Amino acid sequence: MTKRTFLYDKHVELGAKMVDFAGWEMPVQYTSIIEEHKNVRENVGLFDVSHMGELIVYGEDALPFLNKLVPQDISKLTDKKAVYCQLPNKDGGLIDDLIIYKLEDKKYLIIANASRVDEDLNWMSLNQLGFNVEIDNISHKYSLIAVQGPKACDLINCAGLIDLPPFFSIKRAELFNINLWVSRTGYTGEDGVEILVKNEFAEYVWDKLLELGKQYKVMPVGLGARDTLRLEASLHLYGNDLDENTTPVEAGLSWSVSKTKTEDYNGKKVIMEQLKNGGRKKLVGFRMLDKSIARHEYEVYSNGEKVGVVTSGGVSPMRGENIGLAYINSPLDKFSVGSTIQIMIRDKLHDAEIVKRPFIEKRNKV
Amino acid sequence: MDENMLCTKTHEYVLEKDGKYEVGITDYAINQLGDIVFIELPDTNTEFSKGEVFATIESVKAASEVYMPISGKVIEVNEEIVNNPELLNDETYEEKWFIKIESEADQVELADLLDYSDYREEVE
């Protein structure tokens with residue numbers, strides 16, 4: 001039985017094609033993935049991402065508990081600030097990737113992947129022993145609406161919020177006289193916000209944003225464009241680019257790992273060792289040199305030898321070519337920006353070039 | 001769509017024109033695929049049996065294989081859609097066939113296919 005978000009009827013009304021995603025019936029597109037994609041880069045798009053999980057971690061030991069779970073230093077997090085985190089197992093492999101917000105002292109909000117909420121909760125309970133902490137899964141009470149694009153902030157201003165939270169921060173706010181949470185985060189590489197709102201107000205806020213957003217050329221955007229947008233911005237997708245056999249170092253996420261954190265955390269030994277000596281594999285970005293498209297799980301070759309695997313691949317509407325992410329597993333030093341690799345597509349090898357990530361210039365650093 | 005075309009349950013169609021056949025995919029399939037960004041078609045003179053993969057079509061979302069609705073030899077390839085795959089999503093564009101074929105097995109194999117109206121009923 002698939003689950004539906006509180007905006008399901010809105011999607012159907014808007015003519016969306018619905019698909020199953022992580023057990024949720026979600027809109028994959030309303031008009032055209034490419035059109036929706038471009039509109040987010042040029043104007044603004046509205047996404048229903050209510051399938052994402054929201055967890056509240058609170059109590060006396062909330063901070064040391066979270067510090068045991070992630071390679072980031074949660075003690076550095078000040079009130080209302082957010083940090084991109086990973087949830088490693090004991091071997092450094094990733095159970096999930098998360099955003100953790102500090103709401104107030106001893107109280108944190110975690111945004112988790114829809115497909116991983118149950119695993120995350122299970123892992124957290126296993127680690128809970130000895131910590132005075134409560135974990136509250138509020139996913140079923142809240143809807144999450146992302147507003148993304150160069151005109152996203154204009155739209156939110158217009159909706160009644162003048163002082164937007166700074167990048168990677170959250171604040172309690174009022175939009176259309178509804179109390180909700182607004183955070184300056186997203187998954188597109190554009191500026192914008194994500195709105196966490198009680199389910200009963202989700203339709204109202206969605207409708208108002210669409211109506212008010214007309215002047216900014218707002219469009220509803222489905223999961224199809226969400227995927228092409230995040231790929232251009234080189235943002236990882238759990239299940240494609242991240243899994244339990246991949247460490248943050250291997251995934252190119254070393255930048256996010258604390259180098260100075262003194263507390264022990266799950267997987268620390270492996271992660272610290274890899275920070276020094278490198279991982280077993282390395283994530284690279286590539287562009288296809290012909291019109292073919294690399295997809296998840298296609299094999300990567302070099303000089304006739306299999307050297308890796310594609311984890312995400314597709315079109316880049318902004319570059320007008322096809323791009324992807326792949327793990328290269330041997331020998332790593334041979335592959336750098338400018339190197340040519342081959343991707344096996346339907347029994348034929350196609351040339352690709354390793355390029356710098358992200359594939360487009362991100363515009364969310366404000 | 002031409003009402004005389006015959007369809008497969010895998011969304012290919014075949015349409016007779018002067019003893020030759022046009023082969024492509026249905027409007028329903030195009031709509032389901034969404035933005036089409038890549039089409040790979042066979043060379044002329046290639047022969048295929050019914051049910052063999054003769055083309056690949058990629059939308060933004062995924063790659064799909066296209067199967068021969070009847071056996072035959074390719075006599076013409078629609079280069080226009082290979083060079084401009086987005087034409088398939090253009091409702092005003094008419095020439096959406098993939099290949100033209102000659103077939104000797106036509107009378108036997110066509111009988112297995114669905115009328116367009118039956119096909120629409122099947123998929124809707």
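Is Phe168(A) buried, partly exposed or exposed, and how many C-beta neighbours does Phe168(A) have inside 10 Å? I started my notebook there. I kept in mind that this is a predicted model.

**Entry 1: Phe168(A)**
I counted 18 C-beta neighbours inside 10 Å, so Phe168(A) goes down as partly exposed; a buried residue would need 20 or more. I looked up its place too: Phe168(A) sits in the loop between α5 (152-158) and β10 (170-175) of chain A. What caught my eye was the backbone, as phi of Phe168(A) is positive, about 60°, although the residue is not a glycine.

**Entry 2: Arg346(A)**
I then turned to another residue with a positive phi. For Arg346(A) the value is near 45°, and this residue is not a glycine either. I found Arg346(A) in the loop between β18 (340-345) and β19 of chain A. Is Arg346(A) buried or exposed? I noted 12 other C-beta atoms within 10 Å, so Arg346(A) is exposed.

**Entry 3: a cis peptide bond**
I followed chain A to the segment after β19 (348-355), where Pro358(A) has its place. The peptide bond that joins Arg357(A) and Pro358(A) is cis, with omega at about -10°.

**Entry 4: strand β7 and its partners**
How many residues of strand β7 (residues 107-112) of chain A are buried? I wrote down five of six, so this strand is mostly covered. I checked its partners next. Strand β4 (residues 53-58) of chain A runs antiparallel to β7(A), and six bridges join them. Strand β6 (residues 94-104) of chain A also pairs with β7(A) in the antiparallel sense, over five bridges. I picked Leu109(A) in β7(A) as my landmark: Ile56(A) stands opposite Leu109(A), and so does Tyr101(A). I also saw that β6(A) and β7(A) make a hairpin with two residues between them. In that turn, Lys106(A) has a positive phi of about 65°.

**Entry 5: the nonpolar cores**
Which residues touch the most other members of the largest nonpolar core? I listed Leu66(A), Ile145(A), Val147(A) and Ile195(A), out of 100 residues in that core. I looked more closely at Ile195(A). Leaving aside residues up to four places away in sequence, Ile195(A) touches Ile145(A), Val147(A), Leu175(A), Leu180(A), Val182(A) and Val205(A). Another core lies apart from this one; it has 27 residues, including Ile25(B), Leu33(B), Phe54(B) and Ile70(B).

**Entry 6: where the chains touch**
I went on to the contact between the chains, which takes 13 residues from chain A and nine residues from chain B. On the chain B side, the elements that give two or more residues are β4 (36-40) and β6 (53-59) of chain B. I sorted the residues on that side by class and got four nonpolar, two polar and three charged.

**Entry 7: chain A as a whole**
I stepped back to see all of chain A, which has eight helices and 19 strands. Its radius of gyration is 20 Å, close to the 21 Å that the globule rule gives for 366 residues, so chain A is as compact as a globular protein of that length. Along the principal axes, the C-alpha atoms of chain A fill a box of roughly 60 × 50 × 40 Å. I noted that 49% of the 366 residues of chain A count as buried. My last look was at contacts in chain A with a separation of 6 or more: residues 24 or more positions apart account for 66% of them.

How values were computed: Residues numbered from 1 in each chain as written. Chains lettered and ligands numbered in written order. Predicted model: local features only at pLDDT ≥ 70, side-chain atom pairs only at ≥ 80, totals over all residues. Contact = placed C-beta atoms within 7 Å. Helix = DSSP H or I, 4+ residues; strand = E, 2+ residues; numbered from the N terminus. Nonpolar A, V, L, I, M, F, W, Y, C, P; charged D, E, K, R; others polar. Pairing = 2+ DSSP bridges. Core = buried A, V, L, I, M, F, W, Y, C linked by C-beta atoms within 7 Å. Rg over C-alpha atoms; globule rule 2.2 N^0.38 Å.
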